Amino acid sequence: MKPESRNPLVSAVSRKYGEKMKVKVLVMPKAAVLDPQGNAVRDAMRHLGMPEVCSVRIGKYMEIDIDGENGELEPRLHGLCRDLLSNPVIEDYELQKEKPAKRKRSK
Amino acid sequence: MKFAVIQFPGSNCDQDCVAAINGIAGLKAEYIWHKETSLDNFDAIVLPGGFAYGDYLRCGAIARFSPIMRAVTSDARAGKLVLGTCNGFQILCEAGLLPGALVRNRSLRFVCDMVTTRVEVDDFPFTQGCPKGTLLRMPVAHGEGCFFADAETLRNLNDNRQVILRYADSRGRIVPESNPNGSIENIAGICNRERNVFGLMPHPDRASDARLGSADGAKIFRSMMQTISANSAISERTKQVA
């Protein structure tokens, strides 16, 4: 048993919905935004024997576990991707969902 | 006249701001914890520098959701003067009170240096007594101070005279060598369309005493005081007329 499921609130929710969703969020700097980190890594790769490297862009990758139903959560998730997880002025985000799997029965 | 200095977890220039403001006769600064919800008793709001919420995710990204930010936003919309320095500027951009964003310095280095900025407009509420072309020397200390805005936003900023400060050399020329972080068009400070919210990367709070190398920062706090007393004089007169 994972420690967080001992929390009565969390376990009540997960029993109710009976499913757990894994979401991956990819946040990348927009093309127009200078990415000095990416440029530094690109230059290092070229110096280390790969002159073929044209460009490197560095973003963020987040893994999020969620208890709840897919359909109802998705609009809220997109809202948080826009408001918190990315800044639309400088970044684009991509939300990838894994198929919701029924929670494994504990042995 | 009372100024609120907001303390977020991770703010570290709150004391500098309070000291700088209290150093000006007629001004009194108070710390306001970020979990407070009202700023009704204050004439102006200052968001200090630091690393609110450890700058996790992005600078200012989490701080903008602090409870006090609702009051900051509604008071800003009502016309109260709001000043954001360094991390405070980043928070104002994240909160959408100022356009654009602040990203990693082009050099990838944290810059900690004295810079010269040039005032770009006349008659701005935060730079009264500093006509266009005035040079202000203030320190910068940041890793993410490179101002970015897309082409349309930048055009609007210039057309509406919202660019208030640009990094300049000692003779007041806007040159690439005087740009400490790679900001577009050497932008160091901007305001909103209504001109009552001002964000800048340099620290006026750390340049408010000649013994610290410059007292130019105090001009910004003094100008805020002038603007507020002028505004209240106007509203008094309107009340009397009515």
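In this predicted model, Ser11(B) sits in the loop that links strand 1 to helix 1 (14-22) of chain B. Being in a loop doesn't leave Ser11(B) out in the open: this residue is buried, with 24 other C-beta atoms within 10 Å, and the cut-off for burial is 20 or more. Setting aside residues up to four places away in sequence, Ser11(B) touches Pro48(B), Gly50(B) and Ala52(B). One of these, Gly50(B), is 39 residues away in sequence, yet the C-alpha atoms of Ser11(B) and Gly50(B) are just 4.2 Å apart.

The strand before that loop is well wrapped up too. Strand 1 (residues 2-7) of chain B has five of its six residues buried, so it is largely enclosed by the rest of the structure. Its neighbour is strand 2 (residues 28-33) of chain B; the two strands run parallel and are joined by six bridges. Val5(B), for instance, has Tyr31(B) in strand 2 as its bridge partner.

Val5(B) turns up again in the largest nonpolar core, a set of 75 residues. Along with Val5(B), the residues with the most contacts inside this core are Ala4(B), Ile45(B), Val46(B) and Leu92(B). Going by element, helix 2 (residues 68-77) of chain B is the biggest contributor to the core, giving five residues. This fits a broader pattern: in soluble globular proteins, nonpolar side chains tend to be buried together. Ile45(B) shows what the surroundings look like for one of these residues: leaving out residues up to four places away in sequence, Ile45(B) touches Ala4(B), Ile6(B), Leu39(B), Val72(B), Asp75(B), Lys80(B) and Val82(B).

Leu92(B) leads on to helix 3 of chain B, where Leu92(B) is one of the buried residues. Helix 3 (residues 87-94) is mostly covered, with eight of its eight residues buried. Besides Leu92(B), the buried residues are Asn87(B), Gly88(B), Phe89(B), Gln90(B), Ile91(B), Cys93(B) and Glu94(B). They pack against four strands of chain B: strand 3 (44-47), strand 4 (81-85), strand 5 (101-103) and strand 11 (197-200). Just past the end of helix 3, Gly96(B) adopts a positive phi of about 80 degrees.

Stepping back to the whole of chain B, its secondary structure adds up to five helices and 11 strands. The chain has a radius of gyration of 17 Å, close to the 18 Å that the globule rule gives for 242 residues, so chain B is as compact as a globular protein of that length. Along the principal axes, its C-alpha trace spans about 55 × 40 × 35 Å. Of the 242 residues, 54% count as buried. Long-range contacts make up much of the picture: among the contacts in chain B with a separation of 6 or more, 77% are between residues 24 or more positions apart.

Chain A has three helices and four strands, which come in the order α-β-α-β-α-β-β along the sequence. Of its 107 residues, 8% count as buried. Among contacts in chain A between residues at least 6 apart in sequence, 69% join residues at least 24 apart.

Confidence varies along chain A. The mean pLDDT is 82, and 73% of the residues reach 70 or more. Of the elements of chain A, helix 1 (residues 8-17) has the lowest mean pLDDT, at 47, while helix 2 has the highest, at 96. Over residues 1-15 of chain A, pLDDT stays under 50, and the model has 12 contacts beyond four places in sequence for this stretch. Where pLDDT is low, the predicted coordinates should not be read in detail.

As for where the chains meet, 10 residues of chain A are in contact with 12 residues of chain B. Helix 2 (residues 36-47) of chain A gives the most to the chain A side, with three residues. By class, that side has eight nonpolar residues, two polar ones and no charged ones. Pro36(A), which lies in helix 2 of chain A, touches Arg104(B), Arg106(B) and Leu108(B), not counting residues up to four places away in sequence. With 17 C-beta neighbours inside 10 Å, Pro36(A) counts as partly exposed. Within its own chain, Pro36(A) is 16 residues from Glu52(A) in sequence, and their C-alpha atoms are 19 Å apart.

Technical notes:
Residues numbered from 1 in each chain as written. Chains lettered and ligands numbered in written order. Rg over C-alpha atoms; globule rule 2.2 N^0.38 Å. Buried ≥ 20, exposed ≤ 12 C-beta atoms within 10 Å, placed from the backbone. Contact = placed C-beta atoms within 7 Å. Nonpolar A, V, L, I, M, F, W, Y, C, P; charged D, E, K, R; others polar. pLDDT = per-residue confidence, 0-100. Core = buried A, V, L, I, M, F, W, Y, C linked by C-beta atoms within 7 Å. Pairing = 2+ DSSP bridges.
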